[in-house]
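Biologist: Before I use words such as buried, pocket or salt bridge for this model, I would like to see what each one rests on. Please show it.

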Amino acid sequence: MTGRSLRYHGLKPRTKKAYLKAVHDFFTARRCLLLPRIRTFADLDDALALRLSQMWQEGEPMAYAGHLMSAVQRFLPAAKPHVLTAKQFYSNWRGNKFVARAFPMPLRVLFAMMGAAIRVNRLRLAATLLLAFFGCLRTSEFLGLKRQDCLIDTKQGVIILALEATKTSGTAL
């Protein structure tokens, strides 16, 4: 006997860990809120929908919501046709166009790149790196950046980037 379960067969260790953490966090949150036990699939659907809503409102990564939904379908396949509200909430979250993007590198790497650009008197490159980083621009957006795409309001201390053809704008780059 190898001690492995068919329940986890085909799951990579990292995925298994993420799924189990999602389930653990789900039940921990329910206990903290003193919510009643889940007795039916309808209860499960309501509980998942509530948790997804909480996660979205608290700004948790969408991947964590995906882990929770995938874990439910993996570990309790009979629930799949019964968690329609939760599926709809997750679908709404995935369809949200204003998802926060992760920074592409640590700040110290950005500052090192900017420092190197400044050292060789490439001030525009240093400024563009800063804009690309804090504007969360994709590589194609960064490389296609033009002077007319930037509006600088010195009175309010803001920079507005107006990009026409981005990956999510519906217009091909």
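Modeller: Under the rule used here, the count comes to 2 salt bridges. The model is predicted, so local features need pLDDT of at least 70 and side-chain atom pairs count only at pLDDT 80 or more, while totals for chains, interfaces and linings use all residues. Residues are numbered from 1 along each chain as its sequence is written, and side-chain values use heavy atoms, with hydrogens and water left out.

Biologist: Why is the contact of Lys21 and Asp25 called a salt bridge?

Modeller: The term requires a side-chain nitrogen of Lys or Arg within 4 Å of a carboxyl oxygen of Asp or Glu. For Lys21 and Asp25 the N to O distance is 2.6 Å, so the pair meets the definition. The two residues are 4 residues apart in helix H1, and therefore about one helical turn separates them.

Biologist: What makes H1 a helix?

Modeller: Helices are DSSP runs of H or I with at least four residues, strands are runs of E with at least two, and both are numbered from the N terminus. H1 covers 13-32. The protein chain has 7 helices and 2 strands, in the order α-α-α-α-α-α-α-β-β from the N terminus on.

Biologist: Are Lys21 and Asp25 buried or exposed?

Modeller: Buried means under 20% relative accessible area, exposed means over 50%, and partly exposed is in between, with a 1.4 Å probe and protein chains only. Lys21 has 49% and Asp25 has 28%, so each is partly exposed.

Biologist: Which residues form the other salt bridge, and how do you know that the term applies?

Modeller: The side chains of Arg51 and Glu60 form a salt bridge at 3.3 Å, N to O. Arg51 has a relative accessible area of 11%, so Arg51 is buried. Glu60, at 23%, is partly exposed. In the whole protein chain of 173 residues, buried residues make up 23%.

Biologist: How do you know that there is a cavity?

Modeller: Rolling a probe the size of a water molecule over the atoms shows where empty space is left. On a 1 Å grid over the protein atoms alone, a cavity is a set of points where a 1.4 Å probe fits but cannot get out; a pocket is an open set with protein on both sides within 12 Å along at least five of seven lines; lining residues have an atom within 4 Å of a point. Grid points are joined across faces, edges and corners, and a volume is the space filled by probe spheres set on the points. The search of the whole structure finds 1 cavity of 30 Å³ or more. The largest cavity holds about 40 Å³ of space.

Biologist: Which residues line the largest cavity?

Modeller: Its lining consists of Phe26, Ala29, Arg30, Leu33, Leu35, Ala47, Leu50, Arg51 and Gln54. Helix H1 and helix H2 (41-57) are the elements giving two or more of these residues, and H2 has the largest share, with 4 residues.

Biologist: How does this lining divide by class?

Modeller: There are 6 nonpolar, 1 polar and 2 charged residues. Ala, Val, Leu, Ile, Met, Phe, Trp, Tyr, Cys and Pro count as nonpolar, Asp, Glu, Lys and Arg as charged, and the others, Gly among them, as polar.

Biologist: What is the volume of the largest pocket, and which residues are closest to its centre?

Modeller: The volume is about 390 Å³. Of its 13 lining residues, Arg124, Thr128, Lys146, Arg147 and Cys150 are the closest to the centre. H6 gives the largest share of the lining, 5 residues. The lining divides into 9 nonpolar, 1 polar and 3 charged residues.

Biologist: What makes Leu107, Phe111, Leu130 and Phe134 a nonpolar patch?

Modeller: Patch residues have over 30% relative accessible area and no salt bridge; like charges are joined within 9 Å, and nonpolar side chains (Val, Leu, Ile, Met, Phe, Trp, Tyr) within 5 Å. Leu107 has a relative accessible area of 39%, so Leu107 passes the accessibility cut-off of 30%. Together the four residues have about 380 Å² of accessible area, computed by the Shrake-Rupley method with a 1.4 Å probe, where for residues only the protein chains shown count as cover. Helix H5 (107-119) and helix H6 (123-134) each supply at least two residues of the patch.

Biologist: Why is Asn121 called exposed?

Modeller: Asn121 has 61% relative accessibility, so Asn121 counts as exposed. Asn121 lies in the loop between H5 and H6 and has a positive phi of about 60 degrees although it is not a glycine.
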